[in-house]
Amino acid sequence: MTPDRLRDALTDRTTEEGRNWLAGACASVTAEPGVVRGLFPLAGRRCGRGPLDPADPYGWRVDDAARALLLAAIPLTGTPLLEEIGELYRSGDAAERRAVLRALPLLPVGDGALPLVRDALRTNDTRLIAAALGDYATDHLDPETYRQGVLKCVFTGIPMSALPGLPGRADIELARMMAAFAQERSAAGRDVPTDIVPILARFPDAAVTGHLELADAPTANTDRPSPREA
């Protein structure tokens, strides 16, 4: 996702009044970065809160896109930018924190925003967990923490389809973790989410020996409820 693509997507998902407000707000942020702290919380009310793509309930929200454009307009880099987005994250509600996490790939922060990602992964808020494992985590998060984050998605009911980088980041260690999870669920007579099966199929050597074969395990439909939105 790029700023231009976000602006294009917002064309059909917010009103002309909302778009005009956002354009003016971005110009204000570019001229005076500190004003973002007052404008950031207003984005949902001014621009809307529905899904940016109605066909993708786990993806960007309208207010995510508006807030990301505000952050992309900040004319700062390095430590000053990290301090600004860190303050917005720490002081924000769940929707504002989610927007900061979504916006990270658009910002020149390198690995500096990883503490925000790790903080989100320590929560039990599915909105934050899913956003934390977006494109920024795909490119910057260490393998162990990424695997633990994916496993937390399985435990909290976030579908694997919500993780854009998973096909490229999945490895045999993650498959082993998934296999152990599947065997524990099977041994307890509980269903195994079907959306972990493709990961296991890519790494057949990850199967846990001495237990029920996954092919014989009961599976559950993965049309799970969307993570709750603010």
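Helices in these legends are DSSP runs of H or I with at least four residues, numbered from the N terminus, and by that reading arginine 127 belongs to helix α9, which spans residues 126-132. Every view is taken from a predicted model.

**Figure 1. Overview of the protein chain in the predicted model.** The secondary structure of the protein chain comprises 14 helices and 2 strands, and 50% of its 230 residues count as buried. Among the contacts in the protein chain with a separation of 6 or more, 71% are made by residues 24 or more positions apart. The area that the protein chain exposes is about 10,900 Å², of which carbon and sulfur atoms supply 50%.

**Figure 2. Confidence along the protein chain, with residues 209-230 singled out.** The average pLDDT of the protein chain is 89, and 90% of the residues score at least 70. Over residues 209-230, by contrast, the pLDDT is below 50, although this stretch has 52 contacts in the model beyond near neighbours in sequence. Where pLDDT is low, predicted coordinates should not be read in detail.

**Figure 3. Arginine 127 in helix α9.** With a relative accessibility of 19%, arginine 127 counts as buried because the cut-off for that class is under 20%. The side chain of arginine 127 is joined to that of aspartate 125 by a polar contact of 2.7 Å.

**Figure 4. Tryptophan 21 in helix α2 and its contacts.** Tryptophan 21 lies in helix α2, which covers residues 16-31, and is buried, its relative accessible area being 14%. Once neighbours within four places in sequence are left aside, the residues in contact with tryptophan 21 are Leu39, Leu42, Ala43, Arg46, Cys47 and Leu70. Cysteine 47 stands 26 residues from tryptophan 21 along the chain, and the C-alpha atoms of the two are separated by 8.0 Å.

**Figure 5. Cysteine 26 and cysteine 47, with no disulfide for either.** The count of disulfides in the model comes to 0. For cysteine 26, the nearest cysteine sulfur is that of cysteine 47, at 8.7 Å; since a disulfide requires cysteine sulfur atoms within 2.5 Å, the pair is not assigned as one. Seen from the other side, the nearest cysteine sulfur to cysteine 47 is that of cysteine 26, 8.7 Å away. Both residues are nevertheless covered: cysteine 26 is buried at 14% relative accessibility, and cysteine 47 is buried with a relative accessible area of 6%.

**Figure 6. Leucine 71 and the largest nonpolar core.** The largest nonpolar core holds 75 residues, and the members that touch the most others are Leu70, Leu71, Leu101 and Met178. Leaving out neighbours within four places in sequence, leucine 71 is in contact with Val36, Phe40, Ile85, Leu88, Val100, Ala103 and Leu107.

**Figure 7. Helix α7 and the helices against which its buried residues pack.** Helix α7, residues 94-103, is mostly covered, with 9 of its 10 residues buried. The buried residues of α7 are Ala94, Ala95, Glu96, Arg98, Ala99, Val100, Leu101, Arg102 and Ala103, and their packing partners are α5 (62-72), α6 (78-91), α8 (114-121) and α9. One of these buried residues, Leu101, is also among the members of the largest nonpolar core that touch the most others. At the start of α7, the backbone nitrogen of alanine 95 is within 3.2 Å of a side-chain oxygen of aspartate 93.

Notes:
Residues numbered from 1 in each chain as written. Predicted model: local features only at pLDDT ≥ 70, side-chain atom pairs only at ≥ 80, totals over all residues. Heavy atoms only, no water. Buried < 20%, exposed > 50% of the residue type's maximum accessible area, 1.4 Å probe, protein only. Polar contact = N/O pair within 3.5 Å; in protein donor to acceptor, adjacent residues only side chain to side chain. Core = buried A, V, L, I, M, F, W, Y, C linked by side-chain atoms within 4.5 Å. Contact = heavy atoms within 4.5 Å. pLDDT = per-residue confidence, 0-100. Areas by Shrake-Rupley, 256 points an atom, 1.4 Å probe, with all protein chains shown as cover.
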